[in-house]
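Got your viewer open and your selection tool ready? Let's take a walk through this one, stop by stop.

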Amino acid sequence: MHQIKSPRPADGLTAAQQVTLRETGMLVSHRQAVQYLRDETRLQARAAEAAQLHRVLPSSISDTSKPASRFEQRLTDFGVLDPQHDEPDTETLSDDIERVMRLSPGTRLSTRLWRTGLRIGIAALLVAGAAALVATQAHAQAQAADTLGVHTVSWHDRDGYNNVNPGLMYRHGATGLTVGAYCNSESRSARFPDAPRCRLSTYAGMHWDWTLRPGLTVGATAGVLTGYSRASAMPFVIPSVRIGDHVRVLYAPAADPKGATVVSLVLETEF
């Protein structure tokens with residue numbers, strides 16, 4: 001059963017129906033209520049049969065059952081649920097349920113419109129928030145200086161990779177356009193003994209920064225990367241954290257199950 005707020009008086013319900021909804025705080029659909037009463041009818045019929053076989057009054061059986069819920073009690077008060085009636089007329093029950101519990105078509109339409117409006121409002125807030133974030137970032141980048149970075153060392157979560165990765169990076173402050181090159185992790189090492197001492201990787205893409213507080217900035221770079229054995233060119237998205245004005249830590253998750261996750265250190269300066 002669905003719990004909803006009691007409808008307003010203007011929804012077309014009688015005063016008695018409004019009292020019922022206000023006191024119970026719940027409402028059921030016509031189909032659910034009919035099924036509920038049919039199940040109750042079967043149980044009552046079985047209890048009556050047992051009472052007749054054992055010569056026990058039905059009232060004594062019902063006294064030992066669990067207490068009626070507030071919803072059952074309200075149905076009983078309206079004459080829809082009669083604990084002493086073994087075989088109620090299903091059609092009459094259907095009419096009684098509609099009389100007591102059914103909302104008017106206008107109320108159902110207003111409920112649907114309200115739910116649709118709520119979803120549209122939430123979506124609009126999310127879109128507006130994203131647009132404001134992008135606008136703020138664009139304004140900040142328009143005032144940002146260009147950046148020169150130096151790739152230094154890295155750490156891999158698997159052994160055998162090259163952890164010395166010298167290289168250079170340039171980022172245009174106003175647009176976030178970023179290009180760079182470095183000696184990648186597949187340079188000569190225990191895992192790649194026949195590779196050149198510097199297997200060069202190049203990349204180009206866009207970079208975004210969000211300042212959380214002075215001295216702490218999170219960023220992301222998306223673009224295309226070359227120089228690895230798995231593919232001549234690969235798309236990438238790499239998050240990063242800048243600590244202070246000159247230290248940036250990059251995090252690159254493994255590109256495939258056989259690869260390695262990398263944490264890399266880049267030193268930056270603005271000019």
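## First stop: Arg242

This is a predicted model, so keep that in mind as you click around. Start by selecting Arg242, and then show what surrounds it: leaving aside residues up to four places away in sequence, Arg242 touches Gly215, Leu216, Thr217, Val247, Arg248, Glu268 and Glu270. Arg242 sits in strand E6. Is Arg242 buried or exposed? It is buried, with a relative accessible area of 13%, because anything under 20% counts as buried.

## One step along: Val241

Now pick Val241, which also has its place in strand E6. Val241 has 31% relative accessibility, so it counts as partly exposed. Next, add Val150, Leu168, Ile243, Val247 and Leu267 to your selection and switch on the surface. Together with Val241, these residues make a nonpolar surface patch of about 450 Å². You have met Val247 already, as one of the residues that Arg242 touches.

## Into the core

Time to hide the surface and go inside. Select Met169, Tyr182, Tyr203, Leu225, Tyr228, Met234, Phe236, Ile238, Leu250 and Val266: these 10 residues are the largest nonpolar core. Colour strand E5 (216-228) and strand E6 (231-243), since each of them supplies at least two residues of this core. Which strand gives the largest share? That would be E6, with three residues.

Stay with the core and click on Tyr182. Not counting residues up to four places away in sequence, Tyr182 touches His151, Asn165, Pro166, Gly167, Arg199, Leu200, Ser201, Tyr203, Leu225 and Tyr228. Among these, Tyr203, Leu225 and Tyr228 belong to the core as well.

## Last stop: the disulfide

A disulfide is a covalent bond between the sulfur atoms of two cysteines. How many should you look for here? The count comes to one. Select Cys183 and Cys198 and show their side chains: the two form a disulfide, with sulfur atoms 1.9 Å apart. The pair links distant parts of the chain, 15 residues apart. Cys183 is in strand E3 (residues 177-183), while Cys198 is in the loop between E3 and strand E4 (200-213).

Zoom in on the bond itself. The angle about the S-S bond is -95 degrees, and the link of Cys183 and Cys198 is left-handed.

Finally, compare the two ends. Cys183 is buried, at 11% relative accessible area, whereas Cys198 counts as partly exposed at 36% relative accessibility.

Technical notes
Residues numbered from 1 in each chain as written. Predicted model: local features only at pLDDT ≥ 70, side-chain atom pairs only at ≥ 80, totals over all residues. Heavy atoms only, no water. Core = buried A, V, L, I, M, F, W, Y, C linked by side-chain atoms within 4.5 Å. Buried < 20%, exposed > 50% of the residue type's maximum accessible area, 1.4 Å probe, protein only. Helix = DSSP H or I, 4+ residues; strand = E, 2+ residues; numbered from the N terminus. Contact = heavy atoms within 4.5 Å. Disulfide = S-S within 2.5 Å. Patch = residues over 30% accessible without salt bridge, like charges linked within 9 Å, V, L, I, M, F, W, Y side chains within 5 Å. Areas by Shrake-Rupley, 256 points an atom, 1.4 Å probe, with all protein chains shown as cover. Salt bridge = Lys/Arg side-chain N within 4 Å of Asp/Glu carboxyl O.
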